[in-house]
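User: I would like to learn how to read a model like this one, going from a single residue out to the whole fold. Could you take me through it step by step?

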Amino acid sequence: MAWITRFLTAVAFLAVGVIFSPETFGSKSDGTKSPNLSSFIKLAHLLSFSTAWGAALWVTFIGGIIMFKNLPRHQFGNLQSKMFPAYFSMVGVCCAISVAAFGYLHPWKSATMPEKYQLGFLVSAFAFNLSNLFVFTPMTIEMMKQRHKVEREANIGDEIGWSKNQEAAKTNPKLAAMNKKFGMIHGLSSLANIMSFGSLAMHSWFLADCVLCGQNKLGVVLFILIMQ
């Protein structure tokens, strides 16, 4: 995790530099940009954003649910403990690249209010992912390991679903307390993940509007050419 921390820190500082000092990277504060870099930056932004949004959609609403319903609970938890750090790291890097690219393409001084809101959404997604990567996920994994130990002593955990855990917690105060604490931490982690996904979803709406506006403009041009 050490190299991930250093890499994310470097990318975050790059993103901040692009936002507040676009001239350093060839993007003028009046909105003009280096034509040689513009296309590359747009591609980097689109690929990074689509990767982050697609990964968040799959992990949050599809992959995690399927695994929970089909894997023994301890096996599911151990798999998630390996997958989530990699997931939040990847999405965090993608969000940081998107922030830097969007800040380059839309310098703060010349950006419109909707563009500033979009930059805020991207920064929020990045921040929520960092909170999960460095705060909530380590706490959740540690609590999960402690609860797994208690559950193994009670000979539960190899089943699919929560039924045996809930039954055992009725007569095991220690397990019940762990369930409550785990639920609270996991709930905060899930909330941060949902907020990140929502921020990315808001940006997808913005990008869709840009695509539609571009298509409308192209249609007008084609209509004028045909009429001539």
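Analyst: Let us begin with one residue and work outward, keeping in mind that this is a predicted model. Ser 89 has its place in helix α3.

User: Is Ser 89 buried or exposed, and by what reasoning is that decided?

Analyst: The general idea is a cut-off on relative accessible area, with buried meaning under 20%. Ser 89 counts as buried because its relative accessibility is 6%. For the protein as a whole, buried residues make up 39% of the 228 residues.

User: How far apart are Ser 89 and Phe 134 in sequence and in space?

Analyst: The two separations are read independently of each other. Ser 89 and Phe 134 are 45 residues apart in sequence, while their C-alpha atoms are 9.7 Å apart in space.

User: How should I describe two packed helices?

Analyst: In general, two packed helices are described by the angle between their axes together with the distance between those axes. Here, the axes of helix α3 (residues 73-105) and helix α4 (residues 113-153) come within 9 Å and cross at roughly 165 degrees. Since angles over 145 degrees count as roughly antiparallel, that crossing makes α3 roughly antiparallel to α4. The crossing of α3 and α4 is also left-handed, and the contact between these two helices comprises, by class, 16 nonpolar, 13 polar and 5 charged residues.

User: Which residues of the largest nonpolar core touch the most other members, and which helix gives the most to this core?

Analyst: A core of this kind is read as a set of buried nonpolar residues joined through their side-chain atoms. The largest nonpolar core has 22 residues, of which Ala 52, Tyr 87, Val 91, Cys 95, Phe 102, Leu 122 and Leu 200 touch the most other members. Helices α2 (35-70), α3, α4 and α6 (173-227) each supply at least two residues of this core, and α3 gives the most, with 8 residues.

User: Which residues does UniProt list as "transmembrane region", and what is the secondary structure over residues 50-72 and 84-105?

Analyst: The record and the model are best read side by side. The unreviewed UniProt entry lists residues 50-72, 84-105, 117-137 and 206-226 for this feature. Over residues 50-72 the chain is 91% helix and 0% strand, with the end C-alpha atoms 32 Å apart. Over residues 84-105 the chain is 100% helix and 0% strand, and the end C-alpha atoms are 31 Å apart.

User: And how many helices and strands does the protein have?

Analyst: The secondary structure comes to 6 helices and 0 strands, and from the N terminus on the elements run α-α-α-α-α-α.

Note on methods:
Residues are numbered from 1 along each chain as its sequence is written. This is a predicted model: local features need pLDDT of at least 70, side-chain atom pairs count only at pLDDT 80 or more; totals for chains, interfaces and linings use all residues. Side-chain values use heavy atoms; hydrogens and water are left out. UniProt positions are given in the numbering used here, feature names are shortened, and annotations may be inferred rather than shown by experiment. Helices (H or I, at least four residues) and strands (E, at least two) are DSSP runs, numbered from the N terminus. Axes are lines fitted to C-alpha atoms, for helices over the stretch in contact, and angles run from 0 to 180 degrees between N-to-C directions. Angles under 35 degrees count as roughly parallel, over 145 as roughly antiparallel, 65 to 115 as roughly perpendicular and the rest as oblique. A crossing is left-handed if the near helix is turned anticlockwise from the far one by less than a right angle, and right-handed if clockwise. Ala, Val, Leu, Ile, Met, Phe, Trp, Tyr, Cys and Pro count as nonpolar, Asp, Glu, Lys and Arg as charged, and the others, Gly among them, as polar. A nonpolar core is a set of buried Ala, Val, Leu, Ile, Met, Phe, Trp, Tyr and Cys residues joined through side-chain atoms within 4.5 Å. Buried means under 20% relative accessible area, exposed over 50%, partly exposed in between (1.4 Å probe, protein chains only).
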